[in-house]
Structure formats: C-alpha cells, structure tokens
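Student: Could you take me through this model, one careful question at a time?
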Amino acid sequence: MELFEQNVLIANEDELIKLLGIHDKNIKIIKSYYDVNILVRNGALKITGEKENSEAVSKIIKDILNTIRTEGDISDQKVIYLIEANKSNSQIDYNQILKEVIVTSASGRIIKPKTVGQKRYVDMINSKDVTFGIGPAGTGKTYLAVACAVNAFRKKEVERIILTRPAVEAGEKLGFLPGDLQDKVDPYLRPLYDALFDIMGIDNFMKNVEKQLIEVAPLAYMRGRTLDSSFIILDEAQNTTNEQMKMFLTRLGYGSKAVITGDITQIDLPEGKKSGLKSVINILKDVEDIG
C-alpha cells in the first residue's frame with residue numbers, strides 16, 4: 001500500500017490548540033472516520049495515509065481552521081458535521097457558507113446559515129417565488145425565513161412582511177382563553193413575534209406594525225385578501241387543512257414571495273382531517289419556481 005503525505009500549515013499556537021481540541025479530541029474524531037496518521041511537525045499538521053484518505057482529511061483540517069478563524073472556536077458537533085459533509089461529497093464549499101450573511105440583527109449579531117442544508121434553504125428562498133421548508137424543530141426553518149424576510153424588507157424588495165400560523169387548539173378552546181380575540185390568538189403567534197423582536201428590535205418592529213408594514217396574524221385573517229409586494233411566511237403549515245392551504249396559496253399577488261414551513265411528524269389536526277402541507281408538497285413538487 002502506497003502512503004501519501006499532506007501538510008497543512010498552522011498560523012499560531014492558539015490556532016493549533018483549538019484545532020486539536022481538549023486531549024486531542026478533534027483529531028481522535030477525525031481518525032475514527034479515516035485511517036490516517038496525524039502528527040504535529042514544525043508548525044504544520046502532517047497527514048499520512050492512502051491518497052484518498054489523506055486528501056480528504058487535509059480538506060477537513062482546512063475547513064476546521066477556517067471555522068476557527070471565522071468563528072473563534074469549533075465544537076465537537078461542528079467537526080463531525082464537516083466530516084459528514086465531506087463524506088457525502090457535498091458540492092457546496094463550507095468556507096463559502098461561513099462567509100454568507102443573510103442580515104444583521106438590531107443588536108449587531110450576524111445571522112447566516114451554519115450548515116449545507118441551511119445554505120440550500122436560504123438559496124431556495126432567495127431564488128424561488130414559493131419555498132417549502134419541511135423538517136423537525138430546531139433546524140432554523142422559521143428563524144431563517146424571518147431573517148430573509150427582514151433582509152428583503154430592508155432592501156425594499158418587498159413592501160410588507162406578513163407572518164401567519166393556523167390557530168390549532170391543543171387542549172384549551174380559544175373561547176375559554178382570557179381576553180379579547182387578539183389576546184386569545186397571541187399565544188399561537190408568540191414564536192413569530194420572538195423571531196422578529198430578535199432580528200429587528202422591539203422598537204423598530206412596533207413602529208412598522210403601526211404603519212401596517214408588518215403583520216402577524218392567524219391564518220384565518222388571510223381569507224379574502226390579495227397580498228401584493230409582500231414577503232409572507234406560513235409557519236406550522238402541517239396544521240393547515242387542504243382548504244386552508246389552498247386559500248393561503250391563492251392569496252399571493254404580484255411581486256410577492258412565500259415561505260411555508262412545517263414538520264409533518266407533528267400534526268395536531270383533529271382526527272379525520274388531512275394536512276394541507278402533506279397534500280400540497282406532492283401536488284406542487286414538479287412546478288417551476290417552487291422550491
């Protein structure tokens with residue numbers, strides 16, 4: 001077996017410490033995936049193994065270093081992610097993902113995709129008229145969609161942001177909740193408010209709400225309207241019925257963009273009701289300009 005050697009230069013000792021991880025944990029993770037020998041020699045990492053393995057590990061090491069230089073450090077989970085992305089032959093350069101900025105929050109925090117999947121999702125939102133973001137909780141579906149909406153609003157690509165959710169009851173009936181109609185539906189919309197508060201700041205958000213440039217409302221409020229030049233996000237779409245989904249999609253007017261998010265494993269509709277999200281992704285899967 002012929003062995004090949006790859007050398008990756010390390011800028012300084014601090015970078016080397018972060019690259020190796022506590023008790024060389026990051027190197028041990030890499031070696032659990034690839035049969036290579038990794039040594040530190042004269043300010044460089046020397047990688048020895050079969051040609052394919054040594055080249056793959058060299059690329060992963062460079063991605064890890066780039067992450068450290070961009071974000072200041074790297075976690076075990078991110079190391080594993082970089083390895084898995086490399087093994088899946090992803091065509092997206094992870095270094096480019098780290099450089100992409102969607103929007104800057106009111107507090108100055110940079111919001112950007114952190115994984116290949118999130119990068120593809122954001123690219124789809126930017127390039128398609130209607131985008132479906134389907135996946136489990138915690139994958140950034142709603143937050144990234146809101147970030148893209150705020151970015152489009154700031155660039156004046158749209159005139160309004162509209163965020164909506166179906167008010168599906170889980171236990172308590174709306175009529176038995178305290179307060180007027182807005183008080184009753186606000187708990188269903190709280191996650192959307194939270195995302196907008198975080199990205200725009202409360203004062204800026206409230207100012208635009210007063211001007212009716214930003215609207216957060218239950219899905220039922222969309223009936224009978226035509227929404228032109230708007231960025232519309234339908235969240236928790238797995239809890240729409242077929243009729244509600246059809247109603248929502250026919251609200252889109254000239255110059256509007258829609259993002260529909262949901263998790264088809266978390267359907268809270270009454271027994272016998274079909275999820276509009278599950279139905280529509282099969283109907284529209286081959287339609288151009290829908291992602």
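The turns below deal with one helix, a core and a ring pair.

Tutor: This is a predicted model, in which local features need pLDDT of at least 70 and side-chain atom pairs count only at pLDDT 80 or more, while totals for chains, interfaces and linings use all residues. Residues are numbered from 1 along each chain as its sequence is written, and side-chain values use heavy atoms, with hydrogens and water left out.

Student: How many of the 14 residues of α7 are buried?
Tutor: Helices are DSSP runs of H or I with at least four residues, numbered from the N terminus, and α7 covers residues 141–154. Buried means under 20% relative accessible area (1.4 Å probe, protein chains only), and the buried residues of α7 include Leu144, Val146 and Val150. The helix is largely enclosed by the rest of the structure, because the number buried is 12 of the 14.

Student: Which element gives the most to the largest nonpolar core?
Tutor: A nonpolar core is a set of buried Ala, Val, Leu, Ile, Met, Phe, Trp, Tyr and Cys residues joined through side-chain atoms within 4.5 Å. Among the members of the largest one that touch the most others are Val146 and Val150. The element that gives the most, with nine residues, is α7.

Student: Are the rings of Tyr193 and Phe205 stacked or edge-to-face?
Tutor: Rings of Phe, Tyr and Trp (its six-membered ring) pair if their centres lie within 6.5 Å, and planes under 30 degrees apart count as stacked, over 60 as edge-to-face and the rest as tilted. Here the centres are 5.9 Å apart and the planes stand at 90°, so the pair is edge-to-face.

Technical notes:
Helices (H or I, at least four residues) and strands (E, at least two) are DSSP runs, numbered from the N terminus. The expected span of a helix is 1.5 Å times one less than its number of residues. Buried means under 20% relative accessible area, exposed over 50%, partly exposed in between (1.4 Å probe, protein chains only).
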